[in-house]
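Here are a few exercises to work through with the model open beside you. Try each task before reading its solution.

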Protein chains: 2
Amino acid sequence: MAVNGVYKPDMNRVPTGEFFLPSRRTNGFGVQAEDTKICVIMVGLPARGKSLIAQKVVRYLHWLSIKAKIFNVGQYRRTATPNPTAEFFDTSNSEGEKLRMAAAEAAVSDMCRYFANGEGLIAILDATNSTKARRRWVQERCRSEGIETLYVESKCDEESTIMSNILEVKTTSPDYVGQDPEVAAQDFRNRIRNYEKVYQTIDEDESDMTYVKLIDVGQRVIINQIQDYLQSRVVYYLMNLHIRPRSIWLSRHGESKYNLEGKIGGDADISDRGELYAKALPGLVKKSVGDNRKLTVWTSTLKRTIQTARFLEFEKLEWKALDELDSGVCDGLTYAEIEERYPDDFKQRDEDKYNYRYLGGESYRDVVIRLEPIIMELERSENILIVTHQAILRCIYAYFMNVPQERSPWMEVPLHTLIKLTPKAYSTQEERLKADIPAVSTFREKGSSAKHQ
Amino acid sequence: MAVNGVYKPDMNRVPTGEFFLPSRRTNGFGVQAEDTKICVIMVGLPARGKSLIAQKVVRYLHWLSIKAKIFNVGQYRRTATPNPTAEFFDTSNSEGEKLRMAAAEAAVSDMCRYFANGEGLIAILDATNSTKARRRWVQERCRSEGIETLYVESKCDEESTIMSNILEVKTTSPDYVGQDPEVAAQDFRNRIRNYEKVYQTIDEDESDMTYVKLIDVGQRVIINQIQDYLQSRVVYYLMNLHIRPRSIWLSRHGESKYNLEGKIGGDADISDRGELYAKALPGLVKKSVGDNRKLTVWTSTLKRTIQTARFLEFEKLEWKALDELDSGVCDGLTYAEIEERYPDDFKQRDEDKYNYRYLGGESYRDVVIRLEPIIMELERSENILIVTHQAILRCIYAYFMNVPQERSPWMEVPLHTLIKLTPKAYSTQEERLKADIPAVSTFREKGSSAKHQ
């Protein structure tokens, strides 16, 4: 128990009568789990990308092993009012007002329970929270429960962004299921107008609150009173987001000489078939990317990725952070040799591959920590092609596709295949292009024998 | 040569008639050296900490191996006017105005030469730049030379901060050398008043510019139109700065069993003498920190730092980023064994210790990259005691004390010694407290034999 930052020793844990103070492990980000309760409160008119931002933040936090959950007030409201018209959102409609307040109450109560039960460190309250009075009310509720607040306002006056959001909503929102899209769009515009009547942007009156104002998605950012490390990480992530359309291409290196021998790690050259893939890659990329599109190629610092990328006529950058998972003492061994020399480790790795750290090497969890700047830079970037390694590709893929930790280290990512990921509003689209060049399979199923084929 | 993001192959480098495209190495931060020319332009009234911020940014960048230089307009002005009175800064004084403009011209011209000669990636123009007209003029000069601009305004109305800056200036500024401090302070206040008459804060009119406004040093931050990765890193650094007084304490772990045997790396327990140091540490810390001060203890995840810190009654956090430099294949060997088994490597390491990467392990450069989040978190924090390892401590120390790369890996950091660093306006104060407990020396001088004493 931390009292004023000083640990009171738990006397049951004192083995020799000395002061034995438990060290708390961080998750590599200095997060102090037991102290942290942050409510991220979205603010903004409808169609300003609030839900999109909320979902991206949760995906990012989950990838970093930080538990977070969205509480969407609209979903609570829909249990009472499944298909409201714009009039429901008119502030002069006292019945609508009452029902909307009840929905906010229900969402906030569930959120408080979520924190009280220790279910997560961060909650996101996804609603318009468009008046100062509403924000004060949330603020007071959180303060009384010892929950920190971070307001995130998305303010956007660019007509094109709003229109594309309206388009998205009229076709996907549960509020308009089964309705004529044009009628839905018009109703949604009217709903926005009703919110505009009462909307108050966060301003000087609220300078005691911790907040971020995102103006035109990353064009301009105002940050006020950031308190702690985790808040500052979330804010840095928000600063780096953009919504310009783009894709990310992922490829493993061409088959390497180590792949042929079934060895892991090392810094081997690519094989003859790997060389064929390197030569085929520019054509594959052209087919997927099209002409005249700007693209930057990232590789690791290991020979097999640099050799694989060398025929691509694009700007290239090598990143040490993209080097393969370090297999420590097992570097250069085959799975059969590992199973023979380190049978317990081999079993342990199968049991919890995400957390298993090779002796003198890394775990998937370690890799995620060193990939974090890569993800941040990917969020900032436009079209990027990454030529990297199996474990690294799995971690990057897991971020974009929201793959849970227990599954990500076991995903099959074949050699000689180009993966195209295109972030969309609420998901990421995937396409795979196989080069017609054979390669060994480096995939080993959980619990399988270590035989190399 | 990059043309529209596509590399034109250098035909002299094509070995087999194929397209052989050189990959560009990043420095681990994705910095694209040949493209980057950023002028950071300070904005703000006198006594708002502009020079302090400029110096911190340069120190941070140098630590990351990014070349940067400050161009201080005041220094250029002093060659013509060494000891001006406040009237010199009155805008109605046309002679003063002319001389101040000439100083700005000279500083900007030198800066353009610095970029043209490829001497660095970042320049900081340290001056008040307090009018829109002046800022536009700098903007145009930079644009015509292909230099990106990032305006950093420090806006501060807290009387206490301004007063402590005035106090600093009247006693240290070359403008007031040999003058009565009270007269100097009064003159400096008048100078500020003259600037206040014309000062224009950055506002909506300048929304096409890339800028950061720091309001009350980190309390509130406004970020506009950040363009690239390096700018976003600088901005994130600026966001995390604070000026509350604090100290940082550094200690290596107590002597370990590996230290006794002259072995490097590993995860050994501390020795009997190391245990004595662990027991002495709380007293040493109390003597240096005093009573009733809040302090957090950070350790690595290795046993020797956790054991050393275990009697300290403060909140503790373990960081993997604080683990010792990974010596790869040499882990667990003595220097004599390394010299015997890897004679070439041993010599190479002596020649360029900062860049030498152990086979399968790390270099000092690699360590700096993984310590970057630690430095960022240290900037955000107040009193921290770090119990860590020789190479890690050298890198952290080098950041605070501005030690050049070629020297930092060779610094002597003895065991059983507590180092206290206190950041002051323009430097960091150091104190060392030795525990009177003997330990082996783990220091090996450059070019010395590898014998263990």
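**Exercise 1. Work out what share of the 453 residues in chain A is buried.**

Start with the cut-offs: buried means under 20% relative accessible area, exposed over 50%, and partly exposed in between, using a 1.4 Å probe and protein chains only. Buried residues then come to 57% of the 453 in chain A. For the overall layout, the C-alpha trace of chain A spans about 75 × 70 × 35 Å along its principal axes. Its secondary structure adds up to 14 helices and 15 strands; these are DSSP runs (helices H or I, at least four residues; strands E, at least two), numbered from the N terminus.

A word on what you're looking at: this is a predicted model, where local features need pLDDT of at least 70 and side-chain atom pairs count only at pLDDT 80 or more, while totals for chains, interfaces and linings use all residues. Residues are numbered from 1 along each chain as its sequence is written, chains are lettered from A and ligands numbered from 1 in the order in which they are written, and side-chain values use heavy atoms, with hydrogens and water left out.

**Exercise 2. Find where UniProt places the feature "active site" in chain A, and check whether the positions gather at one spot or not.**

The unreviewed UniProt entry puts this feature at A:His253 and A:Glu340. Keep in mind that UniProt positions are given in the numbering used here, feature names are shortened, and annotations may be inferred rather than shown by experiment. The two positions span 88 residues in sequence and their farthest C-alpha atoms are 28.0 Å apart, so they do not all gather at one spot. Next, locate A:His253: look in the loop between β10 (248-252) and α8 (257-261) of chain A. With 3% relative accessibility, A:His253 counts as buried.

**Exercise 3. Describe how the rings of A:Phe71 and A:Tyr114 pair.**

A pair of aromatic rings is described by the distance of the centres and the angle of the planes. The rule takes rings of Phe, Tyr and Trp (its six-membered ring) with centres within 6.5 Å; planes under 30 degrees apart are stacked, over 60 edge-to-face, and the rest tilted. By this rule there are 21 aromatic pairs over all chains. One of them joins A:Phe71 and A:Tyr114, at 5.3 Å centre to centre with 70° between the planes, which makes it edge-to-face. The pair links distant parts of the chain, with A:Phe71 in strand β5 (residues 68-72) and A:Tyr114 in helix α3 (residues 94-116), 43 residues apart. Both A:Phe71 and A:Tyr114 are buried.

**Exercise 4. Check the span of helix α13 (residues 364-380) of chain B, then look for a kink.**

The expected span is 1.5 Å times one less than the number of residues. For the 17 residues of α13(B) that gives 24 Å, and the end C-alpha atoms are 24 Å apart, so the two agree. Now for the kink: about 45° at B:Leu371, shortly before the proline B:Pro373. Such a bend is the angle between axes fitted to the seven residues ending at a residue and the seven starting there. Lastly, 13 of the 17 residues of α13(B) are buried, so the helix is largely enclosed by the rest of the structure.

**Exercise 5. Trace how strands β14 and β15 of chain B are joined.**

Two strands pair if DSSP finds at least two bridges between them. Here seven bridges join β14 (residues 417-423) to β15 (residues 428-434), and the strands run antiparallel. They form a hairpin with four residues between them. Across it, B:Lys420 stands opposite B:Glu431.
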